[in-house]
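Colleague: I have a model open and would like to learn how to read its sheet and its surface. Could you take me through it one feature at a time?

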Amino acid sequence: MHLILTLLQTQNGGPQGGPAAFMQPLFLVAIIAVFYFFMIRPQQKRAKEEKKFRDALAKGDRVMLQSGIYGTVSSIEDAAIIIKVDENTRLKVNKSFVFPVPPEAAGTV
């Protein structure tokens with residue numbers, strides 16, 4: 001960032017007052033705003049939705065594990081969930097690795 005500011009000052013004839021001096025802080029604020037609205041805010045929103053989903057899990061819900069395995073919630077413990085994958089196959093997984101079944105895969109599983 002310092003390199004960019006130095007180049008701007010060199011092109012404008014040195015560190016003097018005027019439009020370039022006013023634009024530098026404005027440019028920095030604009031970059032921070034872009035990062036917030038396009039990266040940080042959507043990530044926080046997605047994390048909030050995932051937490052809400054995990055808190056609302058109930059027996060019989062269809063879920064997908066982070067590894068891509070689909071199953072049905074068999075029982076819920078404190079930090080873990082028992083998922084029924086097949087007739088005789090059950091997996092005990094941490095709640096943080098469970099996601100809702102994506103809409104495009106809902107009809108195929």
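Modeller: We will go through the sheet and then two residues of a helix. Keep in mind that this is a predicted model.

Colleague: How do strands of a sheet pair?

Modeller: Strands pair through backbone hydrogen bonds, either parallel or antiparallel. Here, five strands form an open sheet in the order 4-3-2-1-5, and the pairing is antiparallel.

Colleague: Which are the edge strands?

Modeller: Strand 4 (89-94) and strand 5 (98-100) are the edges, since each pairs on one side only. From one strand to the next, the twist averages 50 degrees.

Colleague: How many bridges join strand 1 to strand 2?

Modeller: Three bridges link strand 1 (residues 62-65) with strand 2 (residues 70-76), and the two run antiparallel. To find one of these on screen, start at Met-64, whose bridge partner in strand 2 is Tyr-70.

Colleague: What joins strand 2 to strand 3?

Modeller: A hairpin makes that connection, through three residues. Four bridges hold the pairing of strand 2 with strand 3 (residues 80-86), again antiparallel. Ile-76 is opposite Ile-81 of strand 3.

Colleague: And how many bridges join strand 3 to strand 4?

Modeller: Six bridges join this antiparallel pair. The hairpin from strand 3 to strand 4 passes through two residues. For a position to look at, take Ile-82, which has Lys-92 in strand 4 as its bridge partner.

Colleague: Now the helix. Is Arg-54 buried or exposed?

Modeller: The general idea is a cut-off on relative accessible area: a residue under 20% counts as buried. Arg-54 is at 14% relative accessibility, so Arg-54 counts as buried. This residue lies in helix 2.

Colleague: Which residues does Arg-54 touch?

Modeller: Leaving out residues up to four places away in sequence, Arg-54 touches Lys-95, Ser-96, Val-98 and Phe-99. Val-98 and Phe-99 fall within the range of strand 5 (98-100).

Colleague: Where does Phe-35 lie, and why does Phe-35 count as partly exposed?

Modeller: Phe-35 is also in helix 2, which covers residues 19-55. Partly exposed is the class between under 20% and over 50%. Phe-35 has 46% relative accessibility, and therefore counts as partly exposed.

Colleague: What kind of patch does Phe-35 belong to?

Modeller: A nonpolar patch on the surface, formed by Val-34, Phe-35, Tyr-36, Phe-37, Phe-38, Met-39 and Ile-40. Together these residues have about 740 Å² of accessible area.

Notes:
Residues numbered from 1 in each chain as written. Predicted model: local features only at pLDDT ≥ 70, side-chain atom pairs only at ≥ 80, totals over all residues. Heavy atoms only, no water. Patch = residues over 30% accessible without salt bridge, like charges linked within 9 Å, V, L, I, M, F, W, Y side chains within 5 Å. Areas by Shrake-Rupley, 256 points an atom, 1.4 Å probe, with all protein chains shown as cover. Salt bridge = Lys/Arg side-chain N within 4 Å of Asp/Glu carboxyl O. Buried < 20%, exposed > 50% of the residue type's maximum accessible area, 1.4 Å probe, protein only. Pairing = 2+ DSSP bridges. Axes fitted to C-alpha atoms, helices over the stretch in contact; angles between N-to-C directions. Contact = heavy atoms within 4.5 Å.
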